[in-house]
Amino acid sequence: MGDDDTMTTTLTQRDGLKVLRQSFAVSSETHRQAIDITSQVRGALLSREIHSGLVIANCLHTTCSVLVAEARPALLEDLARLVNRLVDDEARYKHNDPRLSDCERGNATAHLRASLLGHGVALGITDGDLLLDGSESILLAEFDGPRERRVHLQVVGV
């Protein structure tokens with residue numbers, strides 16, 4: 001999960017508009033894993049510097065995704081099954097062929113799955129809190145772990 005020792009934060013203000021940038025580390029423990037990062041994203045709002053605006057959360061890695069979903073095991077299993085059907089582990093991918101690609105990880109499926117789900121989300125902020133339904137979570141979906149990833153947040157508002 002996020003490690004506070006590796007968190008960085010900056011806040012700038014211009015013409016009344018505030019921009020908060022923060023990043024934090026997330027470590028996966030398995031090859032494919034969904035990690036709830038909602039508390040870390042909410043933590044960026046605790047300073048109460050921004051009461052109304054937007055937060056953009058993204059991971060600058062091409063083999064994982066940031067998405068909003070219910071963090072319920074059955075739904076996450078269904079989502080994993082859907083993505084696995086769309087991107088078959090057994091298919092032949094040019095990215096995995098050493099004659100055609102310089103990638104040694106053989107991780108074409110991870111790239112393709114992350115591309116389908118997207119690398120980031122934008123969420124509203126009202127009264128200093130995320131606009132999420134009570135059952136919604138912000139998840140980092142790891143497709144090429146175990147690895148440490150950095151999630152970047154940009155919070156813009158007043």
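Biologist: Is Asp-89 buried, partly exposed or exposed?
Modeller: This is a predicted model, and in it Asp-89 has a relative accessibility of 39%. Buried would need under 20% and exposed over 50%, so 39% makes Asp-89 partly exposed.

Biologist: Which residue does Asp-89 meet in a salt bridge at 3.2 Å, N to O?
Modeller: Asp-89 sits in the loop between helix 2 and helix 3, and the partner is in helix 3, so the pair ties together parts that are 24 residues apart in sequence. That partner has 1% relative accessibility and counts as buried. The residue is Arg-113.

Biologist: And how far apart are the closest N and O atoms of Arg-32 and Asp-89?
Modeller: Arg-32 is in the loop between strand 2 (17-27) and strand 3 (33-36), 57 residues from Asp-89 in the chain. At 32% relative accessibility, Arg-32 counts as partly exposed. The two form a salt bridge, and the closest N and O atoms are apart by 2.7 Å.

Biologist: Which residues are linked with Asp-89 in a network of salt bridges?
Modeller: Asp-89 has a salt bridge with Arg-32. Asp-89 also pairs with Arg-113. Put together, the network links Asp-89 with Arg-32 and Arg-113.

Biologist: Switching pairs, which residue forms a salt bridge with Arg-105, with the closest N and O atoms 2.9 Å apart?
Modeller: Arg-105 is in the loop between helix 2 and helix 3, while the partner is in the loop between strand 8 (136-142) and strand 9 (148-157), 39 residues apart. Arg-105 counts as partly exposed at 44% relative accessibility, whereas the partner counts as buried at 3%. The residue is Asp-144.

Key:
Residues are numbered from 1 along each chain as its sequence is written. This is a predicted model: local features need pLDDT of at least 70, side-chain atom pairs count only at pLDDT 80 or more; totals for chains, interfaces and linings use all residues. Side-chain values use heavy atoms; hydrogens and water are left out. A salt bridge is a side-chain nitrogen of Lys or Arg within 4 Å of a carboxyl oxygen of Asp or Glu. Helices (H or I, at least four residues) and strands (E, at least two) are DSSP runs, numbered from the N terminus. Buried means under 20% relative accessible area, exposed over 50%, partly exposed in between (1.4 Å probe, protein chains only).
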